Structure formats: structure tokens, C-alpha cells
Amino acid sequence: MSVHKEERHYEVVVVGGGMAGVCAAIASARKGVRTAIVQNRSMFGGNASSEIRMHIVGANAHGSKKNLGETGILLEILLENKRRNPYASFPVFDSVIWEKVHFQENLDAYLNTDMDDVIMDGKKVAAIVGHQNTTETEFTIYGDIFVDATGHGTLATMGGAAGRMGSEGRDEFHEPDAPTEPNQDTMGNTLMFSAVDRGEPVKFIRPDWAYQYSEEDLKYREHGNSIGSHMEGGQLTKFEEGSGRLPHFSNVDSGYWWIELGGQYDDIIRDGEVIRDELLKCVYGVWDHLKNVGDHGVENLDLDWVGIVPGYRESRRIEGDYLLNENDVLENRIFPDAVAYGGWQMDEHVRGGIRDLDKIPSRILNFNGCYTIPWRCYYAKDLENVMLAGRDISTSKMAYGSTRVMGTCSVGGQAVGTAAAMAVKYRCTPREIGEHIMELQQQLLRDDCYIPGFRNEDPLDYARSAKVSASACTGKNVPENVLNGVARPVQEESNCWEAPIGEEGASISLDFGKKLVLQQVQLTFDTNLTREIMPSMTRNVRNRQVKGLPEELVCDYDIRFYREGKEVICKEIRGNYQRLNRIVVDNVICDRLTVTVYKAYGIDRARIFEIRTY
């Protein structure tokens, strides 16, 4: 029986279905561009999927940096999950991500499809060839723009792009914490596990093939129930929210990030199967230690799940026109062509992972604030139509220690997907997107992405020239804040309007001073960008989250449109669960509108960051 063969044609093709690829594909499709996403697994989400079960961290670094949580498509997905999956089941989270992709107009998904080859046309990728094992179909998928969201930079590498693995020497970028000489070391892969309380003692019999660990072996690996900052002298320091110091969370019933291997192997990609097998021996050895060596309070715990797909931290990085480096991170640099941001503290894991038991497993380089990532890091310099999304973007090893986390990868993915659609629109190369960078930045801001140092300057937004008033406000949370162009707190500026919700609600009005024809009102609410809402296996992470939707989020509100003092239409919104709301109206002629908030999920105040009108 021969394999069935088909050709498909798209404008944008995203290869890789982790969180970066998902956000890129959705962003592209929402701009009206025919888009495909090709994923070699049976589910989307990558490291955040139920195959691996890593929580999505980002610039707010587990709440150690205030108000730096990611927004845009990633937050939209997390809020949808929070509404429907309150106990943070990873398999249910899989379906939430699948739903966002599957029902997105202009987006076709190819799950279980391995990219086997690329077809080149000079310096351009003309098509990829993929085999879908569930249908025994070989797809040749043509596109105008390709997005490499593979993690390993596989697409770009197959197309001939230059890449890097390991660390640059200190002199190349004058990075203060880089090694003196270059090396090929990488951070390792991890297999996670989880356990359940059976309500009675449960024995664990160590498989003969599993390793064994003493308490002395694990003296630098925290494996109890704890919350603290990083290890110093073998001890956890106290964690304080907003301190800027990366916290460490640990529970005995879920896997440890430090069960990692790969950094000392010759090639972390080619040796992936061997590393997985070794990791299984380590996971079962650590569980044997918890159950059978000393008293770790796990008598009633039963090993319930062990991952079989390792989560990759690091492999190949593709070279763009600029390599973000440690100095950019430490200086909180704002680039003129910034399209995304990061804030996770730079971390550098020991080369041998769990085999380097005499060393603290990670060196944490704390820094205050956040930095931007320029557009020049998001495309392959050697190829004419390949963009980069995820951990394979153009950075040095030092900067990569911060940019690699999924929250940062996701907002970068949304920027890339938006830019890909723009490249189709202008029929330009990824490099030439730089000529349209202001348009890209303003579109990202409109789509609730954050770019530090930039604000709403959209000439199509009627609200920017309106006069604003409100029924009341608290402190410096004045109504004018909703028009200042910044849709989140930044340092000491709240950038929001806040007012107590009375019996008649809390109201804010925009007076346009003339009649306008409106088609859309866009509202941005507060979801508390310090507190995390992602699924996590770690109980100490989940316990710090609210069980339902964010308490600050507006639930019920109305928008009333007025013309010459008379109400012409009212839109009633009940049960809102998203930060970004776009209310579509049918060419309403009005000169004023009023938003009245009646209820938030957990507080007695209305909080709005931004109002836009189009």
C-alpha cells in the first residue's frame, strides 16, 4: 500500500505547536491570512501540554516582579482555562488550546505530522514535506512565509540557516557572566512526575534499573515542601513577593526541575533518546529516595504519573540580524524595533544536571525590571522568508537563560504571527518588516500585547481625542488614565481608572465633541498581572493562585451610546471572563458613550485600564 500524497498551499506556515507556535498561528490567522500549523505531537502546548506538564512562567517570575505578566493571546487562553478548568487538569488544558486552534477561522492544523524535508527556492523555503502518521499521508505544504517554532530551530537549520549551541565566550559580547572561553554546554532536559495521596500507606518497590540517592547526594536539591528564593550555601533563602529574586517552589508530590540531564552530552538533540532513558532511571531513583530513604512525609503517596517525553530547556539558537545579549537584559534595554519583552531572571544550570550532585543545580542572575526584544531577533538572517518563534530566537546563551521561558516565547510568537500576516500584506521579507515597525508595534498594542516604553498612538482610535469623566475615582486612579495609552501598571503609575461600585454601578464616559460612526469599542480590564493563573503540578504554585477568575476582573457591565443627549443603543455584557473585550456595534452614530460596571469577580471596585473606539 502506497502512502497517500497531497499538496496544500498557504500564505503562512507555522512549524511547531508549542505555546509560541500556537500564538503565532492564531495571530496570523486573525489577520485574515491563510495559515497552517504543523505539529509532530498529538496535542498542542509543547512543554505546557499534558505530555510534559511544565507550568508557563514568564517575566513576572512567579510574582517576584510586579505587574509583568504576559497578556495577548496567551492570557486569553489562560483565562479561558481558568474559567473551565479550576483544578488545573493538564489534559483539560490540552483541549482548551486545541479548541483555540481548531475553531480559529483561516487556520488549519496538522497534528501528528513530522516535518521530513524542506523544498528550497534559492534562499527561500518554498515548502515543507511532512508525514502524518495517523492518516498515512505525506503533505507537501507550500507557503509564502514560514515560522520556525520547532524549539530546535529545525526548519531554519534544514534550510541552511546558521545556528548556535552552547555558550559564547565572554569577549564576543563583553558579557560579564559569560565563560572566558566558548563551550558547547547546554541546560538539560527534565522528566516530570506526580503522586496522589491514597489515604493509606503505599509501598514503593524500586525497579532494579533505577538509580539510588542518599540524603548526602541530594543535599543541594530541595525535595521537600517549601517556598523560598534560590539556594545559597545549600539552603533556601526567604521568598518575598515583588522582591525581584526568583522564587523556588517544591512539593513532594510533583516533579522537580532539577531532575535534568543533557548538558554534558555531545549533542542534546541527537542523544535525546538516551537522555530520556537515563532520566527515567533518575526519576524513579528520586522517588525511591523520597519513599524509602528517611522520612519525607510521603507514606501515603503513590506515584501516579511519570512523563515519558522530556521537556527541553535548550538546544539550538538561530542567528538573526541581532543577537540579544546579557548586557541588553541587565540594562533593561528598550530597542526602537522592540516587539516583545522578558523579565525572567537569567539562570544557568550546571552542565551535568543531576549528575553534578556536588554543585548547586542552577546559578540565578537576578536583575530588576524587564527588557525588550527587537524584531531583528525574530527571523533567520540567512533565509528570505523564515521567521523564528519560541526558544530558537536569536540570542546569546546568557540572554537565552531569560528568553527561553514559555511566557516570553508566547508573546514573541504573537508578534511573529502578526508580522507574518503583515509580510503577506506588503509582500515583503521578514527583514523588510523593519520598514513597517511602527505599524507592527501599534497593532500589537491594540491586540493587548505589552511593549515596554511604547504606548497607544493609533490614529484610528477616536477615543484618544475624547474628553473623559467618571462617577467617581479612587486616589490617583483617575478617569484620564484610560486614555494615556498604557494598559497596565508600570512602576508607580497605576494607569487605570478605579471607582467603588455603588448601587447604580460605577460609570465612566467618553465625550467625543461631535458625531461619530462607531463600529467597535475596546476595553481592557484588570486581571492582576502579578499573580499567576497557569496550570501547575506544583501545589505551592497552585495554592498561591485564586481558585476562580481574577478577583479584579470586571464581570458585568453595560455600554450605552448617546446622540444629542439621548440613548441610542445599549450593550449588556454579563459574565465576562477576558481582560480584552471587543464589543462590535453596527455603525452606531453617537457623540458620547458610557461604560457602567456593576460587578467584579472578587472586589467591590471597577478597574479599567484602557478604552478604545473605532
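A salt bridge here is a side-chain nitrogen of Lys or Arg within 4 Å of a carboxyl oxygen of Asp or Glu. The model is predicted.

**Exercise 1. Salt bridges**

Task: State how many salt bridges a search of the whole structure finds. Then examine the pair Arg579 and Asp448.

Solution:
- Step 1. Searching the whole structure gives 49 salt bridges.
- Step 2. Arg579 and Asp448 form one, with 2.8 Å between the closest N and O atoms. The cut-off is 4 Å.
- Step 3. Place the partners. Arg579 sits in the loop between β28 (566-573) and β29 (580-600), and Asp448 in the loop between α10 and β24 (467-470), so the pair ties together parts 131 residues apart in sequence.

**Exercise 2. Helices α9 and α10**

Task: Describe how α9 and α10 cross, and list the residues of their contact.

Solution:
- Step 1. Take the geometry. Helix α9 covers residues 406-426 and helix α10 residues 437-446. Their axes come within 10 Å and cross at roughly 130°.
- Step 2. Classify the angle. Over 145 degrees would count as roughly antiparallel, and 65 to 115 as roughly perpendicular. The two helices are therefore oblique to each other.
- Step 3. Give the hand. The crossing of α9 and α10 is right-handed.
- Step 4. List the contact. α9 supplies Gln414, Ala415, Thr418, Ala419, Met422, Lys425 and Tyr426. α10 supplies Glu439, Leu440, Gln443 and Leu444.
- Step 5. Sort by class. The contact of α9 with α10 has six nonpolar, three polar and two charged residues.

**Exercise 3. Helices α2 and α3**

Task: Repeat the analysis for α2 and α3.

Solution:
- Step 1. Helix α2 spans residues 72-84 and helix α3 residues 90-102. They pack at an angle of about 130°, and their axes are 10 Å apart.
- Step 2. α2 and α3 are therefore oblique to each other.
- Step 3. The crossing of α2 with α3 is right-handed.
- Step 4. From α2 come Glu76, Ile77, Leu78, Glu80, Asn81 and Arg84. From α3 come Phe93, Val96, Ile97, Glu99 and Lys100.
- Step 5. The classes in the contact of α2 with α3 are five nonpolar, one polar and five charged.

**Exercise 4. The four-stranded sheet**

Task: Work out the strand order, the edges and one residue pair.

Solution:
- Step 1. The sheet is open, and its order is β1-β7-β6-β5. Pairing is mixed.
- Step 2. Find the edges. β1 (4-9) and β5 (113-121) each have a single partner strand, so one side of each lacks a neighbour in the sheet.
- Step 3. Add the twist. On average, neighbouring strands are turned by 20° against each other, direction ignored.
- Step 4. Look inside. β6 (residues 124-132) and β7 (residues 137-142) pair antiparallel over six bridges. Val129 stands opposite Thr140 in β7.

**Exercise 5. The five-stranded sheet and its helix**

Task: Describe the sheet that contains β2 and β8, then place helix α1.

Solution:
- Step 1. This open sheet runs β4-β3-β2-β8-β23, with parallel pairing.
- Step 2. Its edge strands are β4 (107-110) and β23 (386-388), each paired on one side only.
- Step 3. Neighbouring strands are turned by 20° against each other on average, direction ignored.
- Step 4. β2 (residues 12-15) and β8 (residues 145-148) run parallel, joined by four bridges. Val12 stands opposite Ile145 in β8.
- Step 5. Helix α1 (residues 19-30) packs on the sheet and touches β2, β3 (35-38), β4 and β8. The direction of α1 makes about 165° with that of β3.

Note on methods
Residues numbered from 1 in each chain as written. Predicted model: local features only at pLDDT ≥ 70, side-chain atom pairs only at ≥ 80, totals over all residues. Heavy atoms only, no water. Axes fitted to C-alpha atoms, helices over the stretch in contact; angles between N-to-C directions. Parallel < 35°, antiparallel > 145°, perpendicular 65-115°, else oblique. Left-handed = near helix turned anticlockwise from the far one by under 90°. Contact = heavy atoms within 4.5 Å. Nonpolar A, V, L, I, M, F, W, Y, C, P; charged D, E, K, R; others polar. Pairing = 2+ DSSP bridges.
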